Amino acid sequence: MNEIKCPKCNEVFKVDESGFADIVKQVRDTEFEKALAERGELALAEKRLAVSEALADVEKERDLLKAELERKGDEIKLAQASVKSSLQNELSEKDTQIAKLKAQIQVQDAEKKLAITEAVSKAEKERDSLLGELKSKDTERKLSEATLKEKFAHELKTKEEMIEYYRDMKAKLSTKMVGETLEQHCETEFNRIRATAFPAAYFEKDNDAKSGSKGDYIYRETDDEDNEIISIMFEMKNEGDETATKKKNEDFLKELDKDRNEKGCEYAVLVTLLESDSELYNSGIVDVSYRYPKMYVIRPQFFIPMITVLRNAAMNSMHYKSELALVRSQNIDITDFEERLESFKSGFARNYDLASRKFKTAIDEIDKSIAALQKTKEALMSSDNNLRLANNKAEEVTIKRLTRGNETMKAKFAELGEE
């Protein structure tokens, strides 16, 4: 805002940048008209000087002609006196020549006078034309000044009426209605240029109050690959001039930082009309990152410029964000691979442990079977020895051994032998 002091009443009033620029333009136009008038007067003075010099030259030339005429007259008189007695005829011729010369001189004098008259007339016409142009310019300047004064007076009256209207409106609105009016103002300003400046942006009210609190608006924007470019949590705060308890901007910073973190936004911006007399907040965009990370406090007139500044900075860093997202995705792939490898290793180890235990059990069972078979082998081997001994004994059995000492059997075998 710029301050202007009235030169008549010494009243100081504020105008915005566009109004100030119009007033500066008016002052420049006035200076231009003044310079034009001065140039016109200078040109008129130059014309008058030229006319005066031309008149002086004509007068001087006329005096020279008169002097020449007088000199010629003296010469004629001398000639007449020298030849009067003897050359009457020549005198007559001289008279004729003198008459002709006089006629020529008269003609030349008439031509000179006519040229002077024409030059003077032309200079007077040019002078009248310049005077007419100057009068026209002066009339236009006066009309322009009157129009500008009337326009400025009308605009000033309109501004005063608007100020009075808003003062009256602020006095009548409740605190909640004043806050909603600021929100509507910011939403209207954003929607007014959304199609041209932010066609792919998300800008809606924050209606998620699961955590117990919520901000006013959330701005998000992503690229074609769904990578987030920027996200901003907005909080709008206002209060009427008649509000009994005056709030401070610092009272809302902690809650705004909490909402930003809970909603996963990168930046937090407080749009406020609180502390209207504070030079700090009235100076422009205030960075409060020393209190809470990536947080700013602004007046409503900086709402759109704040989004533009943060968005442009984010667009410039999108290349690095893309590389970071790629690295993160690679890290996720590596982590997933490592998790799968660990899962395989643990599964393999578990299966190996189970298989090892079952293998040991099978080996133990095989050892037991081998021991039983060994016993069976030893038993079989013992039986084989007994069978061998039995076989040997069977092979040693003869009829003689069987009948030795048995007379009955000997008799029987003898009878069979005889048969």
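This passage describes the cysteines and the salt bridges of a predicted model.

A search of the whole structure for disulfides returned none. A disulfide is a covalent bond between the sulfur atoms of two cysteines. Two of the cysteines may be described by their accessibility: C186 has a relative accessibility of 1% and therefore counts as buried, and C265, with a relative accessible area of 6%, is likewise buried, because the limit for that class is set at under 20%.

Side chains of opposite charge can pair when their charged atoms come close. In the predicted model, the count of such pairs that qualify as salt bridges comes to 10, and three of them, E68 with R71, E183 with K205 and E250 with R291, are described below.

The salt bridge between the side chains of E68 and R71 has an N to O distance of 2.3 Å. Both residues belong to helix α1, which spans residues 17–83, and they are three residues apart along the chain, a spacing of about one turn of the helix. E68 has a relative accessibility of 32% and so is classed as partly exposed, while R71, at 39% relative accessibility, also counts as partly exposed.

In the second pair, the side chains of E183 and K205 meet with an N to O distance of 3.0 Å. This salt bridge links distant parts of the chain, since E183 lies in helix α3 (residues 175–197) and K205 in strand β3 (residues 201–205), with their positions 22 residues apart in the numbering. The two partners fall into separate accessibility classes: E183 is buried because its relative accessibility of 14% is under 20%, whereas K205, with a relative accessible area of 33%, is partly exposed because this value lies between 20% and 50%.

The third pair joins E250 to R291, whose closest N and O atoms are 4.0 Å apart. Here too the pair links distant parts of the chain, with E250 in the loop between β5 (228–237) and α4 (253–262) and R291 in the loop between β7 (286–287) and β8 (295–298), the two residues being 41 residues apart. E250 has a relative accessible area of 46% and is therefore partly exposed, and R291, with a relative accessible area of 38%, is partly exposed as well.

Terms used
Residues are numbered from 1 along each chain as its sequence is written. This is a predicted model: local features need pLDDT of at least 70, side-chain atom pairs count only at pLDDT 80 or more; totals for chains, interfaces and linings use all residues. Side-chain values use heavy atoms; hydrogens and water are left out. A disulfide is a pair of cysteine sulfur atoms within 2.5 Å. Buried means under 20% relative accessible area, exposed over 50%, partly exposed in between (1.4 Å probe, protein chains only). Helices (H or I, at least four residues) and strands (E, at least two) are DSSP runs, numbered from the N terminus.
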